[in-house]
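Hi everyone, thanks for making time. I'd like to walk you through one structure today, so let's put it on the screen.

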Amino acid sequence: MSNLESLVRKNITALKPYACARHEFQGEASAYLDANENPYNSPCNRYPDPLQVDLKTEIAKLKHVRPAQIMIGNGSDEPIDLTYRIFCEPRVDNVVAMNPTYGMYEVAAGINDVEYRKVLLNTDFSLDADRLLAAVDTHTKVIWLCSPNNPTGNLLNRDEIFKILTQFKGIVVIDEAYSDFSTGKSWLEELDNYPNLIVLHTFSKAWGLASMRCGLAFASEEIIAYFNKVKYPYNVSELTQMAVLEQLSGGDKFKNVWVKHILEEKEKLIEALKTVPVVKEIYPSDANFLLVKVTNATQIYNALVQKGIIVRNRTSLALCENCIRITVGTPTENADLLNALMHCGSM
Ligand SMILES: *Cc1c(COP(=O)(O)O)cnc(C)c1O
């Protein structure tokens, strides 16, 4: 990779970050008179730990990384946005992403006024590294990868990703929001080998904590220091830090039980969907959702809405004509979905 400082926007390198009260002092004191807080109404009266030290200690153990390799965000959306703000000069730099993929990378590019270059996946949704690398120019700062990919559900081929990590001089982000559901190895294991790698995880999917807004970016200590410099000082609330710590106090056993149930239900759902007349194709999935090609996605989406069942109509995305994306739910929810699909006849 190029040296990190040459990839970072000059204003960010020069930035003097906000020094918050809780940064200057570490430890326990008898009187906190430094932050203009109300002394009553504990514990909500106090600002939360800006660097989430206790939570990072637990996450580091769970994920086998060092605490200084972790950035905790207000959902993964925060590190996605901050990646643009750290590396991409508006109207000058660009990023390259696969198509179709998760919509937030493009939205965050738009908000930051950064050119977003989309490169089609193969028709079987596999990744062609050479095609992505061909879209790179001297102003490309970031390549976005998502594995397992949303909305297609598949893991990306490891050799193609290795090719991008070694040949591209800028930052490579691999979003593993769904990795808990897949048997693939996490790219976290490669963190120490690739200084240009950022891996995203989240508590929103397998961990059942979407409302807590807790996303994770893992990278070199140097990259994490830039995240810490640019993020809002108190970006993760005390309630979120407490709730996630509480969940982690049981290790990952609840998460693993949920994942096991969801994957069993996924297999049952696949078998049942094969017998539904409007279903044309069920794509292989390494995640907790299925991308399904149907006879007419918009009509079927609307028919399901009428019955109070909400899926995602993905028909307007590249390579996803007449596809709906179905999250695997509870046994009852899945049975209701199947029943409603059967009532679509051969729509
Ligand atoms: C759901 C999802 C996320 C999670 O976003 P949060 O902001 O952490 O809730 C991240 N990436 C992808 C690809 C997703 O589908």
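**A strand pair, a ligand site and some rings**

Let me begin with one bridge: glycine 73 has glycine 215 of strand E7 as its bridge partner. One thing to keep in mind throughout is that this is a predicted model. Zooming out from that bridge, E1 and E7, the latter spanning residues 215-218, are paired in the antiparallel sense, with 4 bridges between them. Strand E1 covers residues 70-73, and its side chains alternate: Ile70 and Ile72 point one way, Met71 and Gly73 the other. Which of these are buried? All of them are.

Now to the ligand. Around the ligand we find 13 residues, and the closest are Asp175, Tyr178, Thr202, Ser204 and Lys205. Sorted by class, that shell holds 4 nonpolar, 5 polar and 4 charged residues. For the polar contacts, let me start with the backbone. A polar backbone atom of serine 76 sits 2.7 Å from a ligand oxygen, and for aspartate 77 the backbone distance to a ligand oxygen is 3.3 Å. From the side chains, lysine 205 places a polar atom 3.3 Å from an oxygen of the ligand. How much of the ligand's accessible area does the protein cover? On its own the ligand has 390 Å², and the protein covers 93% of that.

On to the aromatics, where the count comes to 10 pairs. One of them is phenylalanine 162 with tyrosine 194, a tilted pair at 6.1 Å centre to centre and 45° between the planes. This pair links distant parts of the chain, 32 residues apart: phenylalanine 162 is in helix H8 (residues 158-167), while tyrosine 194 is in the loop between strand E5 (171-175) and strand E6 (197-202). Are the two buried or partly exposed? Phenylalanine 162 counts as partly exposed because its relative accessibility is 22%, whereas tyrosine 194, at 15%, counts as buried.

A second pair brings back a ligand neighbour. Tyrosine 178 and phenylalanine 289 have ring centres 5.0 Å apart and planes at 75°, so this pair is edge-to-face. Tyrosine 178 belongs to the loop between E5 and E6 and phenylalanine 289 to strand E9 (residues 289-294), so the pair ties together parts 111 residues apart in sequence. Both partners are buried: tyrosine 178 has a relative accessible area of 6%, and phenylalanine 289 has 2%.

Last stop: Tyr84, Tyr102, Tyr105 and Trp144 make up one aromatic cluster. Thanks for listening!

Definitions and conventions
Residues are numbered from 1 along each chain as its sequence is written. This is a predicted model: local features need pLDDT of at least 70, side-chain atom pairs count only at pLDDT 80 or more; totals for chains, interfaces and linings use all residues. Side-chain values use heavy atoms; hydrogens and water are left out. A residue is near a molecule or strand if one of its heavy atoms lies within 4 Å of it. A polar contact is a pair of N or O atoms within 3.5 Å; within protein, one must be able to donate a hydrogen and the other to accept it, and residues adjacent in sequence count only if both atoms are side-chain atoms. Accessible areas come from the Shrake-Rupley method with a 1.4 Å probe; for residues, only the protein chains shown count as cover. Ala, Val, Leu, Ile, Met, Phe, Trp, Tyr, Cys and Pro count as nonpolar, Asp, Glu, Lys and Arg as charged, and the others, Gly among them, as polar. Buried means under 20% relative accessible area, exposed over 50%, partly exposed in between (1.4 Å probe, protein chains only). Helices (H or I, at least four residues) and strands (E, at least two) are DSSP runs, numbered from the N terminus. Two strands pair if DSSP finds at least two bridges between them. Rings of Phe, Tyr and Trp (its six-membered ring) pair if their centres lie within 6.5 Å; planes under 30 degrees apart count as stacked, over 60 as edge-to-face and the rest as tilted.
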